[in-house]
Amino acid sequence: MRIFELFLLVGLIVCALSVSFTKKLLTSIIIYMSYSSIMAIIWVILQSPDLAVTEAAVGAGVTSILFFVTLKKIRAIEDGGAENTAVAETVLEGAETLEGAAGEDETPAAEEEKAAEEGGK
């Protein structure tokens, strides 16, 4: 068990350092999700299941989804391109689904696109 705890500690440190030095935002979010997942496991080992569930739900779940939707909204994640991996494409699809569920876009870019579409008709 001691080896597993050391492995988790090293993983936690690696995630913390790598998220700081990563240039791509999408990669940073995925590393952040890994960090939160490792923290949830550590909370279970420390016999705090309530904190583990909270860390997993909020840290790895809700916060990461909000980051993905934000990147999609500010167009930091582009649709298509050779750089998209299977994970990135899945994230893009999820962000589009959440964006559609949240309602109509109220961003200035969305309003400009809508005005351009109406002007072209």
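Below, a biologist and a modeller talk through a predicted model of a protein chain.

Biologist: Let's start with the overall make-up: how many helices and how many strands does the protein chain have?

Modeller: Reading from the N terminus, the elements run α-α-α-α-α. The count for the protein chain is therefore 5 helices and 0 strands.

Biologist: Thanks! What percentage of the 121 residues is buried?

Modeller: A residue counts as buried when its relative accessible area is under 20%. In this protein chain of 121 residues, the buried share is 26%.

Biologist: Which element gives the largest share of the largest nonpolar core?

Modeller: That core has 7 residues, namely L8, L12, C15, I31, I38, M39 and I42. The elements giving it two or more residues are α1 and α2, the latter covering 25-45. With 4 residues, the largest share comes from α2.

Biologist: Staying with α2, how far apart are its end C-alpha atoms, and why does that agree with what its residues should span?

Modeller: Happy to work that through. Helix α2 has 21 residues, and at 1.5 Å a residue these should span 30 Å. The end C-alpha atoms agree with that because they are 30 Å apart.

Biologist: Which residues of α2 are buried?

Modeller: Some of them we have just met, since I31, I38, M39 and I42 also belong to the largest nonpolar core. The buried set in α2 is L26, S28, I29, I31, S36, I38, M39, A40 and I42.

Biologist: Which residue with a positive phi follows α2?

Modeller: Look in the loop between α2 and α3. The residue there has a phi of about 60° although it is not a glycine. At 69% relative accessibility it counts as exposed, because exposed means over 50%. The residue that follows α2 is Q47.

Biologist: Now for α3, residues 49-73: what distance does it reach from its first C-alpha to its last?

Modeller: This helix has 25 residues, and 36 Å is expected at 1.5 Å a residue. The reach in the model is close to that, at 34 Å.

Biologist: Where does α3 bend?

Modeller: The bend is about 25°. The residue in question is also among the buried residues of α3, which include G59, A60, G61 and F68. The bend is at S64.

Biologist: Is G61 buried or exposed?

Modeller: G61 lies in helix α3. Across the fold, G61 and S37 are 24 residues apart in sequence and 9.4 Å apart in space, C-alpha to C-alpha. The relative accessibility of G61 is 19%, and the cut-off is under 20%, so G61 counts as buried.

Biologist: How far apart in space are A56 and M33?

Modeller: A56 is found in helix α3, and it is partly exposed, with a relative accessible area of 36%. In sequence, A56 and M33 are 23 residues apart. From C-alpha to C-alpha, the distance between A56 and M33 is 8.9 Å.

Biologist: And D50 and A40, how far apart in space are they?

Modeller: D50 lies in helix α3 and counts as exposed at 54% relative accessibility. A40, by contrast, is buried in α2. They are 10 residues apart in sequence, and their C-alpha to C-alpha distance is 9.7 Å.

Biologist: Turning to charges, which residue forms a salt bridge with E5?

Modeller: Side chains of opposite charge can pair when their charged atoms come close. The structure holds 1 salt bridge, and its closest N and O atoms are 3.4 Å apart. Both partners lie in helix α1, 3 residues apart, about one turn of the helix; E5 pairs with R2.

Biologist: Which of the two, E5 or R2, is exposed?

Modeller: At 28% relative accessibility, E5 counts as partly exposed. The other partner has a relative accessible area of 61%, and because exposed means over 50%, the exposed one is R2.

Biologist: Last one: how much accessible area does the nonpolar surface patch have?

Modeller: The patch is formed by L6, L9, I13, L17 and F21. One of these, L17, sits in helix α1, residues 2-21, and counts as partly exposed at 48% relative accessibility. Together, the patch residues have an accessible area of about 530 Å².

Conventions:
Residues numbered from 1 in each chain as written. Predicted model: local features only at pLDDT ≥ 70, side-chain atom pairs only at ≥ 80, totals over all residues. Heavy atoms only, no water. Expected span 1.5 Å × (residues − 1). Bend = angle between axes of the 7 residues up to and from the residue. Buried < 20%, exposed > 50% of the residue type's maximum accessible area, 1.4 Å probe, protein only. Patch = residues over 30% accessible without salt bridge, like charges linked within 9 Å, V, L, I, M, F, W, Y side chains within 5 Å. Areas by Shrake-Rupley, 256 points an atom, 1.4 Å probe, with all protein chains shown as cover. Salt bridge = Lys/Arg side-chain N within 4 Å of Asp/Glu carboxyl O. Core = buried A, V, L, I, M, F, W, Y, C linked by side-chain atoms within 4.5 Å.
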